[in-house]
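Biologist: I am new to this structure. Please pick a single part and go through it closely, with the terms explained as they come up.

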Amino acid sequence: MPTQVLFENAEHRNILLEDFTSGQMVQANQHVIIHKGRGILLDPGGHKVYSKALDELSTVLPLGALDYILFSHQDPDIIAAANGWLMVTNAKGFLPQLWIRFITHFGVDELVMENIVPIPDGGLVIDLAGARLPLLPAHFLHSAGNFQLYDPLAKILYTGDLGASLGQTYVTVTNFDDHIQYMEGFHRRYIASNKVLKLWAQMVAPLDIEIIAPQHGAIIAGKENVQRFIQWVQGLACGLDLLED
Ligand code: FE
């Protein structure tokens, strides 16, 4: 799918980059937020998409204007190419504190380690050229150290692996009931337990959300579908809930 704009006004743009995943690779979305000409890239993906994603990013933002990269958790589809991204840009990376000592095993040089900001367990607020973008704690959804980014200007919640769907051919969900089949298997296996989904639903209830943008699969757009998603996950048994002898 080609690059698309999820939100746009005079000084703020939210872009979903073209999908460069192929073959056996899990499909992954790379999102960019640009505010007053400065950018943040979310979950940039692994080695195989790195050079293409870099080229595509440079068509929407000069690389010198990339201020930040968010690595929401430690999975290879997110941080495998961290060294490359941090070498060729001046961006600061944000990575959960929990995973800091693991990232060097992906070949991240000591030199660029100083460009990585550890995210404390409670989260923090990123300032992108004056736009305040909170990182919300989303531990165990699925990773034990994991964050979601809320963009209050675009009203988009970037949920990482939560809301991930696999196997559908569309980019935006139109029929939520029909879409459940593409999310169910992943959530039941990867999310730790229903308890954490209920806590997440409580946390996001006060937020004004127009779009839920996961790292894999289709985007859940419109308040009604967003609420349906929140309702659905709250009631979903998964992970430990399903384990028997
Ligand atoms: Fe993951």
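**The iron site**

Modeller: Asp75 counts as buried, because its relative accessibility is 18% and buried means under 20% relative accessible area, with exposed over 50% and partly exposed in between (1.4 Å probe, protein chains only). This is a predicted model, in which local features need pLDDT of at least 70, side-chain atom pairs count only at pLDDT 80 or more, and totals for chains, interfaces and linings use all residues. Residues are numbered from 1 along each chain as its sequence is written, and side-chain values use heavy atoms, with hydrogens and water left out.

Asp75 is one of the protein donors of the iron ion, alongside His73, His142 and Asp161. The histidines bind through NE2 and the aspartates through OD, at 1.9 to 2.3 Å from the ion. Donors here are N, O and S atoms within 2.8 Å of the metal (3.2 Å for Na, K and Ca); water is not among the atoms, so a site may look incomplete.

Along the chain, the donors follow the spacing H-x1-D-x66-H-x18-D. Asp75 and Asp161 link distant parts of the chain, 86 residues apart. Asp75 sits in the loop between strand 5 (66–70) and helix 2 (76–79), while Asp161 sits in the loop between strand 11 (156–160) and helix 6 (176–190). Helices (H or I, at least four residues) and strands (E, at least two) are DSSP runs, numbered from the N terminus. Asp161 is buried as well, because its relative accessible area is 2%.

The arrangement of the 4 donor atoms is irregular because they subtend angles of 81 to 163° around the iron ion. Four donors count as tetrahedral if all angles lie between 85 and 135 degrees; four count as square planar and six as octahedral if opposite donors are over 155 degrees apart and all others between 65 and 115; anything else is irregular.
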